[in-house]
Amino acid sequence: MGTQLIILAAGQGTRMQSERPKVLHEVGGLPLFAHAIASGADLEPEKIVVVVGNGADAVRKAASAIDADITVVEQAERLGTAHAASMARDTLKGMTGDAVVLLGDTPFTRPETLAKMADARRVGNAVVVLGFEPADPARYGRMVVQDGMLERIVEWKDALPKERAITLCNGGVMMVDTALLFDLIDEIDNDNASGEYYLTDIVRLARARGLGVTAVTCDESETLGIDTRAGLARAEGMFQAAMRREALENGVTLVAPDTVFFSHDTAIGRDAIIEPHVVFGPGVTVETGATIRAYSHLEGSHVGAGAVVGPYARLRPGAELSNDAKVGNFCEIKNAHLGEGAKVNHLSYIGDATVGAATNIGAGTVTCNYDGVSKHQTTIGERVFIGSDTMLVAPVHVGDDAMTATGSVITRDVPAGDLAVARARQENKPGFALRLFKKLRDAKAARQKG
């Protein structure tokens, strides 16, 4: 018996004021619906179904990037949460085990909470629902518990005054035997204030059959749903606060924590130092003892132990810094590997390149990797000295222990140990500057007089 995830992601999100499906908006660099999938990952689901409304193709593309086996189905009519969940019926036909219904706009449900729900299922409850007690119950659905058993969930619009006084509210997450879920959905009607088919009605229907139903509670933060841009910003703030706490607890120095921004998969080793105003995009690993100086931006890159990045540096996808490498101010590294102890300290672009150990790249160096159609590779050996303002026109190879003269444009390979000089011979024309300036000033004066 396995587990199947059903992610309800069909909400239009009109309050987001966006052309994008709501669940594709990101927290920590990850789409909202992907957070829900990540929450259920520890349950080792054998099938994941994402139920969407408009924008199915865009969600399908994003889902495929996460896992090609995710199934995206469209709910053409918005008839309620039970109708949305029923869209997964054909995909899950014949499967056994537990169906876990998660909300695609609710990114913070913890795997540990889902594990508690699974424990509650194992002890004999047919239906397990996530509940919480908010500071302000507002218009949440209320969970009616009697004699330790969850009897029903009542939506605010349909609740009596005594039911509205209940503080235990519906968190929206459910865990049900897969076959039973669709069996119960078939019994649901839309005789309610909204005229919708409520998935929450399976609680009442299961109890009518004498089945066990219980609620597992969590902190209110785990049930935060995103409906507006303000809510998205709030969620991002909560996510960043959690990531900062985790980094500090794991031995990372954050000089000004509130100014550092993490992605969902940022990994930083102990004793790394992160200075103020650093932004980590997706796919970054920083090893122990590395330093990321202020105002640097990293994505899709790996920084080795003891390496130094910045200030004001940019590491783009494919940047690989070996131990003790250095990338200084106003430098950009893209799809390039810097060997151990290599240095790119000032105002340089190194793209589609390999730089050997202990090589020094002078200020203003550019690997000219793009010819307008294709990218080309630059290979620089070990212990090389690249003079300032060198243009390396790829494809080109500079051998070990070689050197390029300042201001050179290198278009041919440089053998190991050679010095490459590729610049025009300097000529000084005596008195020419004085004569030229006089001519220019006279011409300007004539124009102004005329």
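Q: How many bridges join strand β6 to β10, and do they run parallel or antiparallel?
A: In this predicted model, strand β6 (residues 97-103) and β10 are joined by 4 bridges and run antiparallel. One pairing can be named: the bridge partner of A99 in β10 is V176.

Q: And strand β7, how many bridges join it to β10?
A: There are 5 bridges between strand β7 (residues 127-132) and β10, and these two strands also run antiparallel. Here V129 has M174 as its bridge partner in β10.

Q: Is β10 mostly covered or mostly open, and how many of its residues are buried?
A: β10 is mostly covered, with 8 of its 9 residues buried.

Q: What about β4, which strands does it pair with?
A: β1 is joined to β4 by 6 bridges, and the two run parallel. β4 also pairs with strand β5 (residues 71-74), in the parallel sense, over 4 bridges.

Q: Which residues stand opposite each other there?
A: On the β1 side, I6 stands opposite V49 in β4. On the other pairing, V50 has V72 in β5 as its bridge partner.

Q: Why is β4 described as largely enclosed?
A: Strand β4 spans residues 47-52, and 5 of its 6 residues are buried, so it is largely enclosed by the rest of the structure.

Q: Changing topic: what is the volume of the largest pocket?
A: The volume of the largest pocket is about 1,800 Å³. It is lined by 47 residues, and those closest to its centre are K22, T81, L103, D105 and D227.

Q: Which elements give two or more residues to that lining?
A: They are β1 (2-9), α3 (81-86), β10 (169-177) and α9. β10, the strand discussed above, gives the most, with 4 residues.

Q: How does the lining divide by class?
A: The lining of the largest pocket has 20 polar, 16 nonpolar and 11 charged residues.

Q: And the second largest pocket, what is its volume and how many residues line it?
A: Its volume is about 590 Å³. The lining consists of 19 residues, and P107, F108, R110, P111 and F239 lie nearest the centre.

Q: Which elements contribute there?
A: Two or more residues each come from α1 (32-39), α5 (111-122) and α9. The largest share, 6 residues, is from α9.

Q: What classes of residue make up that lining?
A: The lining of the second largest pocket divides into 9 nonpolar, 5 polar and 5 charged residues.

Q: Now the interior: how many residues are in the largest nonpolar core, and which touch the most other members?
A: The largest nonpolar core has 54 residues, of which I274, F280, V286, I292, V303 and L315 touch the most other members. At least two residues each are supplied by α9 (229-249), β24 (332-338), β26 (349-355) and β32 (396-398).

Q: Which of them supplies the largest share?
A: That is α9, with 5 residues of this core. α9 also gives residues to the lining of the largest pocket and to that of the second largest pocket.

Q: What does V286 touch?
A: Leaving aside residues up to four places away in sequence, V286 touches A267, I268, G269, A272, F280, I292 and V303. Among these, F280, I292 and V303 are also listed with V286 as residues that touch the most other core members.

Q: How many residues are in the second core?
A: The second core is separate and has 33 residues, including V73, V127, L180 and L199. V73 falls within the range of strand β5 (residues 71-74), and V127 within that of strand β7 (residues 127-132).

Notes
Residues numbered from 1 in each chain as written. Predicted model: local features only at pLDDT ≥ 70, side-chain atom pairs only at ≥ 80, totals over all residues. Heavy atoms only, no water. Core = buried A, V, L, I, M, F, W, Y, C linked by side-chain atoms within 4.5 Å. Buried < 20%, exposed > 50% of the residue type's maximum accessible area, 1.4 Å probe, protein only. Contact = heavy atoms within 4.5 Å. 1 Å grid on protein atoms, 1.4 Å probe; cavity = no way out; pocket = protein on both sides within 12 Å on 5 of 7 lines; lining within 4 Å. Points joined across faces, edges and corners; volume = space filled by probe spheres on them. Nonpolar A, V, L, I, M, F, W, Y, C, P; charged D, E, K, R; others polar. Pairing = 2+ DSSP bridges.
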